[in-house]
Amino acid sequence: MGETMIFLRRATHVALLMLVVIPITAAIAAPQAAAEPRKRSQAETAALARRMLAQLKVARPLSIRGYSRMRFQPRWAPHKGKCDTRETVLARDGRRVRRDAACHPVKGLWYSPYDGRRLKSEKRVDVDHVVPLAYAWRSGAKRWSQARRRAFANDLTRPELLTVSHSANIAKGGQGPQSWRPQRRAHWCRYASSWITVKRHYRLFVTRKEKVALLNMLRTC
C-alpha cells in the first residue's frame, strides 16, 4: 500500500512538471518557428534574384550622349482622377497621408528605407527611380521609343518607384550599385532584388562591375 502511494505521488509530480515544461518549450519554440518563414522568404528572394541576374546580358554601358530627363519624364503621368504618379507613390508609401483637393499631399509620415529616416514633411521626401533614368539610358533605354521610356519612368507595377528622403536621393543621383548603396545595410537585399527585377522586366543589360555589386548585396539576404 505504501509503495503504491509513493508511486502515485511520483507520477503526479512528473505530470505536473510536464504541464510546466511543455508551455515553456512551446513559448521558446514559437519565435523560432515564426522566424523560419522570414528566413526562407529572404533566401527564396535571393535565389530568384540570382536566377534573374544570370539571365541578364552583360555589356559595356552606352554613351550618355543625348540623354535628358525630358526624354523619359516631361512630367509625372496622370494616374487616377487628379492624382499623378508621384502623388500616388507618396500616398502608397506614407502613413496618415492627407491630400488637398488637387491630390497633393499636405501632411503625412514617411519612412526612407535607404537611410532609416522618418519624415513628417512632403518637402523632405522624394520619389526615387530605383534604376535611375540616366542609368537606364546607358543600359539600353537609349534605344527605346519615347512611349516606352515614359512608361518606365511612371511604372507603378514593378519596384521602380520608392519614397525616400531627399538627402538620400541626392546622394544616390544617377549612380549604379557599384558606386552607391543604401546607407542601411538591412535594405541591400531588397534594393538589389528590386534593381534586378526592374532590369529583367525591361530587358536592360548590366555591366560586369554592376553584376558583382548586386551579387554582393544579395549575400545579405
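Which residue's side chain meets the side chain of D128 in a salt bridge? The partner is K172, with N and O 2.9 Å apart. This is a good place to start looking around the structure, which is a predicted model. The salt bridge of D128 and K172 links distant parts of the chain: D128 sits in strand 6 (residues 125-129), while K172 belongs to helix 5 (residues 166-172), 44 residues apart. Both D128 and K172 are buried.

**Other salt bridges**

The structure holds five salt bridges. Another of them pairs R92 with D93, and here the closest N and O atoms are 2.7 Å apart. D93 has a relative accessible area of 26%, so D93 counts as partly exposed. R92 is partly exposed too, at 44% relative accessibility. The side chains of R158 and D155 also meet in a salt bridge, at 2.9 Å from N to O. In that pair, R158 is partly exposed, with a relative accessible area of 23%, whereas D155 is buried at 5% relative accessibility.

**The disulfides**

Now let us turn to the cysteines. A disulfide is a covalent bond between the sulfur atoms of two cysteines. A search of the whole structure finds two disulfides, and with bonded cysteines counted along the chain, their pattern is 1-2, 3-4. Here they are side by side:

| Disulfide | S to S distance | Angle about the S-S bond | Handedness |
|---|---|---|---|
| C83 and C103 | 1.8 Å | 85 degrees | right-handed |
| C189 and C221 | 2.0 Å | 100 degrees | right-handed |

The disulfide of C83 and C103 links distant parts of the chain, 20 residues apart: C83 is in strand 2 (residues 83-84), and C103 is in the loop between strand 3 (95-99) and strand 4 (105-112). C83 and C103 are both buried.

What does the disulfide of C189 and C221 tie together? C189 lies in helix 6 (residues 188-201) and C221 in the segment after helix 7 (208-218), so this pair joins parts that are 32 residues apart in sequence. C189 is buried, with a relative accessible area of 5%, whereas C221 is partly exposed at 24% relative accessibility.

**A look at helix 6**

Helix 6, the home of C189, has 14 residues and reaches 20 Å from its first C-alpha to its last, close to the 20 Å expected at 1.5 Å a residue. Ten of the 14 residues of helix 6 are buried, so this helix is largely enclosed by the rest of the structure. Among the buried residues are W188, Y191, W195, I196 and K199. After helix 6 comes R203, whose phi is positive, near 55 degrees.

Definitions and conventions:
Residues numbered from 1 in each chain as written. Predicted model: local features only at pLDDT ≥ 70, side-chain atom pairs only at ≥ 80, totals over all residues. Heavy atoms only, no water. Disulfide = S-S within 2.5 Å. Helix = DSSP H or I, 4+ residues; strand = E, 2+ residues; numbered from the N terminus. Buried < 20%, exposed > 50% of the residue type's maximum accessible area, 1.4 Å probe, protein only. Expected span 1.5 Å × (residues − 1). Salt bridge = Lys/Arg side-chain N within 4 Å of Asp/Glu carboxyl O.
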